[in-house]
Amino acid sequence: MVEGEGESLLLADLEGSEEIYRLSLKDLPVEDESGRPAQVQEGMEVRVEYSGEVDLTYPATFRQPTALILTGRQENLCSLYLQVLGDLWEQDTALNEGALQVGVDLSSTRLSESEQAAVAWAFGESVGLFPLTATYEELKEQGCITEEGGFPFWEDGCLLTIEEKEETEEDTLSFEARKWRSGTGAILWTDCTARRKEEGRWGQYQPGGWAVS
């Protein structure tokens, strides 16, 4: 699954692992399965031809890649949720002040673990912070979230969460989005919706209600 376009791609493994990969397109042939030159787009399913070895960086990188083969197209849900995270980050920016880390919780979405990791990494890169893919409870267990004045508080970070809701219409996606810094510092977007277009890709989402604590 492809995230990002241009000279460098972020790829999420679709074969059950949690791995994500960085791939440079410089001097790399991009072809369809018939061997014809093709153009890669976000959300596409691809196959990387390479030496069979990877460098264990994070994201991992392929050794001696020889071609990128486009094998199909999947929905652009990663791109949609990356946009939601970016928009949410720009709201009530006082909650971001002094943050050294950003938590991203997409565990209540249909994204695979590798896709969740790819979206979190891409978002972290966009805001210049190290991303943690974790829920509120996991961050609390890790000691990131403590208490201040009787209220839970994440001194060094800010947690962004997207939670999908049960669909009531075909080709409609409903979700909530939340940015949380403390028990008294959070914003919530409710009843957000996006609709699937004719070509199978999700269109722009529409925020619903808005709440502040």
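Is glutamate 169 buried, partly exposed or exposed, and what is its relative accessibility? In this predicted model, glutamate 169 counts as partly exposed, because its relative accessibility is 43%, a value that lies between the limits of 20% for buried and 50% for exposed residues. The side chain of glutamate 169 meets that of arginine 195 in a salt bridge, with an N to O distance of 3.3 Å. This pair links distant parts of the chain, since arginine 195 belongs to strand β15 (residues 185-195) whereas glutamate 169 lies in the loop between β13 and β14, 26 residues apart. Arginine 195 is likewise partly exposed, at 48% relative accessibility.

Further salt bridges were examined in the same manner, the count for the structure being 11. Arginine 110 and glutamate 164 meet through their side chains at 3.1 Å, N to O, and this pair also links distant parts of the chain, with arginine 110 in the loop between β9 and α2 (113-127) and glutamate 164 in strand β13 (residues 157-164), 54 residues apart. The two partners fall into separate accessibility classes: arginine 110 is partly exposed at 36%, while glutamate 164 is buried with a relative accessible area of 16%. A salt bridge of 3.5 Å, N to O, joins the side chains of glutamate 49 and arginine 47; glutamate 49 is partly exposed at 33%, and arginine 47 is partly exposed at 38% relative accessibility. In addition, Glu53, Asp55 and Arg63 are linked in a network of salt bridges.

Arginine 47 also leads to the strand pairing, as its bridge partner in β8 is isoleucine 69. Strands β5 and β8 (residues 67-73) pair in the antiparallel sense over 6 bridges, and they belong to an open sheet of 3 strands in the order β4-β8-β5, with mixed pairing. Within this sheet, β4 (30-32) and β5 (44-49) stand at the edges, and because each has a single partner strand, one side of each is left without a neighbour in the sheet. Neighbouring strands of the sheet are turned against each other by 35° on average, direction ignored. Elsewhere, strand β2 (residues 8-12) is joined to strand β3 (residues 20-24) by 5 bridges, and the two run antiparallel; leucine 9 stands opposite leucine 23 in β3. Of the 5 residues of β2, 4 are buried, so this strand is largely enclosed by the rest of the structure.

Two strand residues illustrate buried positions. Valine 102, found in strand β9 (residues 101-108), counts as buried at 0% relative accessibility. Residues up to four places away in sequence aside, valine 102 touches Trp89, Phe123, Gly124, Leu129, Phe130, Pro131, Leu132, Trp154, Cys158 and Leu160. By contrast with these contacts, valine 102 and serine 114 are 12 residues apart in sequence and 18 Å apart in space, C-alpha to C-alpha. Serine 174, in strand β14 (residues 172-182), is also buried, at 14% relative accessibility. Its contacts, again without residues up to four places away in sequence, are Glu163, Glu164, Lys165, Cys192 and Thr193, and among them is the glutamate 164 that meets arginine 110 in a salt bridge. The C-alpha atoms of serine 174 and glycine 208, which are 34 residues apart along the chain, are separated by 9.8 Å.

Aromatic side chains were considered next, and a search of the whole structure finds 9 aromatic pairs. One of these is the edge-to-face pair of tryptophan 121 and phenylalanine 130, 6.1 Å centre to centre with 90° between the planes. Tryptophan 121 is buried, with a relative accessible area of 16%, whereas phenylalanine 130 counts as partly exposed at 48%. Phenylalanine 175 and tyrosine 205 form a tilted pair, 6.0 Å centre to centre with 55° between the planes. Phenylalanine 175 lies in strand β14 and tyrosine 205 in the loop between β15 and β16 (210-212), so this pair ties together parts that are 30 residues apart in sequence. Both rings belong to buried residues, phenylalanine 175 having a relative accessible area of 0% and tyrosine 205 one of 8%. Ring pairs link Tyr81, Phe175, Trp189 and Tyr205 into a cluster. Finally, the charged end of lysine 179 sits over the ring of tryptophan 89, 5.5 Å from its centre, and tryptophan 89 is one of the residues that valine 102 touches.

How values were computed
Residues are numbered from 1 along each chain as its sequence is written. This is a predicted model: local features need pLDDT of at least 70, side-chain atom pairs count only at pLDDT 80 or more; totals for chains, interfaces and linings use all residues. Side-chain values use heavy atoms; hydrogens and water are left out. Buried means under 20% relative accessible area, exposed over 50%, partly exposed in between (1.4 Å probe, protein chains only). Two strands pair if DSSP finds at least two bridges between them. Contact means heavy atoms within 4.5 Å. Axes are lines fitted to C-alpha atoms, for helices over the stretch in contact, and angles run from 0 to 180 degrees between N-to-C directions. A salt bridge is a side-chain nitrogen of Lys or Arg within 4 Å of a carboxyl oxygen of Asp or Glu. Rings of Phe, Tyr and Trp (its six-membered ring) pair if their centres lie within 6.5 Å; planes under 30 degrees apart count as stacked, over 60 as edge-to-face and the rest as tilted. A charge sits over a ring if NZ of Lys or CZ of Arg is within 6 Å of the ring centre and within 35 degrees of the ring normal.
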